[in-house]
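Me: Can you walk me through this one? I'd like to ask a few things as we look.

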Amino acid sequence: MILLPVEIIRDPEHAAALLQPARLQMLECLAEPGSASSVARRLNLPRQQVNYHLRELEKHGFVEFQSERRAGNCVERLLKATAASYVISPEALGRLAVPGKLPQDRFSAAYLVSAAAGIIRDLAIAGIRAARAGKRIATLTAETEIRFRSAQDRHAFSEELAQTLAKLTVKYHDATAPGGRSFRVLLGAWPAITRPESETAAATRLE
């Protein structure tokens with residue numbers, strides 16, 4: 001089994017099964033095949049407790065059986081995590097994932113969050129379809145960081161970027177192209193995080 005870089009969780013029950021700190025630690029331990037005993041030793045937990053959690057993780061498809069090995073008088077089952085990391089799709093929250101009326105404002109943080117959630121949801125669906133077809137998802141990621149001198153420069157940059165995107169769309173979009181395929185393009189900007197959350201929390205306490 002090939003370890004997926006990222007697995008997107010869409011089912012609420014699966015999400016609930018995953019969101020436990022102990023289980024997340026166990027998945028980290030199982031980036032390579034391991035047994036309940038080996039995980040218990042690494043995490044300093046009772047083997048029975050680890051066994052229970054691993055059964056739940058296997059039930060929900062987060063770990064898969066690899067092989068068996070003999071350890072003394074016992075036969076151990078070796079398991080491996082299905083992915084290196086996991087992302088929970090907003091649809092796993094059900095109706096909570098669909099907020100009321102969001103402001104249709106490209107400078108609104110709420111609108112950006114909603115758009116980002118849509119990307120995760122669409123990639124989850126596309127990933128399942130691609131896996132069924134034995135294909136990879138065609139994607140493109142463009143990322144950079146820019147420091148603006150002022151709010152006015154940031155606004156001017158946003159306007160020029162929007163105009164450039166509009167020109168490129170007009171140039172390359174062909175709604176009637178035989179065999180063509182539609183893609184969604186999202187460009188977002190947000191304040192860069194320049195210090196870890198622990199430092200931010202400490203600074204807040206001192207204020």
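Some short questions and replies follow.

Reply: Before we start, this is a predicted model, where local features need pLDDT of at least 70, side-chain atom pairs count only at pLDDT 80 or more, and totals for chains, interfaces and linings use all residues. Residues are numbered from 1 along each chain as its sequence is written, and side-chain values use heavy atoms, with hydrogens and water left out.

Me: Which residues touch the most other members of the largest nonpolar core?

Reply: A nonpolar core is a set of buried Ala, Val, Leu, Ile, Met, Phe, Trp, Tyr and Cys residues joined through side-chain atoms within 4.5 Å. Buried means under 20% relative accessible area, exposed over 50%, and partly exposed in between (1.4 Å probe, protein chains only). The largest core has 21 residues, and the ones touching the most other members are Leu27, Leu30, Val50, Leu54, Leu57, Phe62 and Tyr86.

Me: Leaving aside neighbours within four places in sequence, what is Leu57 in contact with?

Reply: Contact means heavy atoms within 4.5 Å. With those neighbours set aside, the partners of Leu57 are Ala17, Arg23, Met26, Leu27, Phe62 and Val63.

Me: How many residues apart in sequence are the parts that Glu58 and Arg77 tie together?

Reply: A salt bridge is a side-chain nitrogen of Lys or Arg within 4 Å of a carboxyl oxygen of Asp or Glu. Glu58 and Arg77 form one, with their closest N and O atoms 3.0 Å apart. Helices (H or I, at least four residues) and strands (E, at least two) are DSSP runs, numbered from the N terminus. Glu58 sits in helix 4 and Arg77 in strand 3, so the pair ties together parts whose separation in sequence is 19 residues.

Me: Is Glu76 buried or exposed?

Reply: Glu76 shares a salt bridge with Arg69 (3.0 Å, N to O). Arg69 is partly exposed at 36% relative accessibility. Glu76 has a relative accessible area of 15%, which makes it buried.

Me: And Arg149, is it buried or exposed?

Reply: Its side chain meets that of Asp153 in a salt bridge (3.1 Å, N to O). Asp153 is partly exposed, at 25%. Arg149 has 77% relative accessibility, so call it exposed.

Me: At roughly what angle do the axes of helix 3 and helix 4 cross?

Reply: Axes are lines fitted to C-alpha atoms, for helices over the stretch in contact, and angles run from 0 to 180 degrees between N-to-C directions. These two axes come within 9 Å, and their crossing angle is roughly 115°.
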